[in-house]
Amino acid sequence: MTDAAAALAAITFNADGLVPAIAQQFDTGEVLMMAWMNRDAVAETLATGRVCYWSRSRKGLWRKGETSGQQQRLKEFLIDCDGDTILVKVDQDGVACHTGRRTCFYTAARPEGLTEVAPVLVSPEELYKK
């Protein structure tokens, strides 16, 4: 895929060694999720074309879809003007959210209150075979 050296040099990681990464469906522009990447996750993503994140809860690399099968294939890796945020344009298999929704951004703040704007497409139990 892509040599990661130039990308890694252009990224400003925070004090924890992380950079926020926003995942967007490449063909529709739909914003799917936000997660964190460390240097190893960036390098692996660029080397393999399969999106990898850093899981703060698991304290390890998280290859999107490794337990659910809902993988993200990298289409484009973009670094913002300050080098402190990543945009990964992806081809998402199925749902992106652990709640079984296509996107993690499913709660809208409206004058009448919080409203869920995206349905559950796959139950989390089915998604993770719990």
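# Rings, cysteines and a helix: a friendly tour

By the distance rule for sulfur pairs, the count of disulfides in this predicted model is zero.

Biologist: Let's stay with the cysteines. How far from cysteine 104 is the nearest cysteine sulfur?

Modeller: A disulfide needs two cysteine sulfur atoms within 2.5 Å. Cysteine 104 is in no disulfide, and the nearest sulfur belongs to cysteine 97, at a distance of 3.7 Å.

Biologist: Is cysteine 81 buried or exposed?

Modeller: Exposed means over 50% relative accessible area. Cysteine 81 has 77% relative accessibility, so this residue counts as exposed.

Biologist: Now to the rings. Which two residues form the aromatic pair?

Modeller: A search of the whole structure finds one aromatic pair. Its ring centres are 5.2 Å apart and its planes meet at 40°, which makes the pair tilted under a scheme where stacked is under 30 degrees and edge-to-face over 60. The partners are tyrosine 53 and tryptophan 62.

Biologist: What is the relative accessibility of tryptophan 62 in that pair?

Modeller: Its partner, tyrosine 53, is buried, with a relative accessible area of 0%. Tryptophan 62 also counts as buried, and its value is 18%.

Biologist: Which residue lies over the face of tyrosine 106?

Modeller: Charges sit over rings at two places I can point you to. Lysine 75 lies over the face of phenylalanine 26, at 5.0 Å from the ring centre. Over the face of tyrosine 106, at 3.7 Å from the ring centre, lies arginine 101.

Biologist: Let's look at helix α2. Around its axis, what arc do the buried residues cover?

Modeller: Helix α2 spans residues 39-48, and its buried residues are Ala41, Val42, Thr45 and Leu46. They are on the same side of α2, because the arc they cover is only 125°.

Biologist: At the start of α2, which residue offers its backbone nitrogen to a side-chain oxygen of asparagine 38?

Modeller: The side-chain oxygen of asparagine 38 reaches to within 3.2 Å of that nitrogen. Beyond the other end, α2 is followed by glycine 49, whose phi is positive, near 80°. The residue at the start is aspartate 40.

Biologist: One last stop, glutamine 25. Which side chain does a polar contact of 2.8 Å join to that of glutamine 25?

Modeller: Glutamine 25 is found in strand β1, residues 19-25, and is buried, with a relative accessible area of 3%. Leaving aside neighbours within four places in sequence, its contacts include Glu30, Leu32 and Arg102. The polar contact joins its side chain to that of aspartate 27.

Definitions and conventions:
Residues numbered from 1 in each chain as written. Predicted model: local features only at pLDDT ≥ 70, side-chain atom pairs only at ≥ 80, totals over all residues. Heavy atoms only, no water. Phe/Tyr/Trp six-rings, centres within 6.5 Å; stacked < 30°, edge-to-face > 60°. Buried < 20%, exposed > 50% of the residue type's maximum accessible area, 1.4 Å probe, protein only. Lys NZ or Arg CZ within 6 Å of the ring centre and 35° of its normal. Helix = DSSP H or I, 4+ residues; strand = E, 2+ residues; numbered from the N terminus. Arc of directions from axis to C-beta. Polar contact = N/O pair within 3.5 Å; in protein donor to acceptor, adjacent residues only side chain to side chain. Contact = heavy atoms within 4.5 Å.
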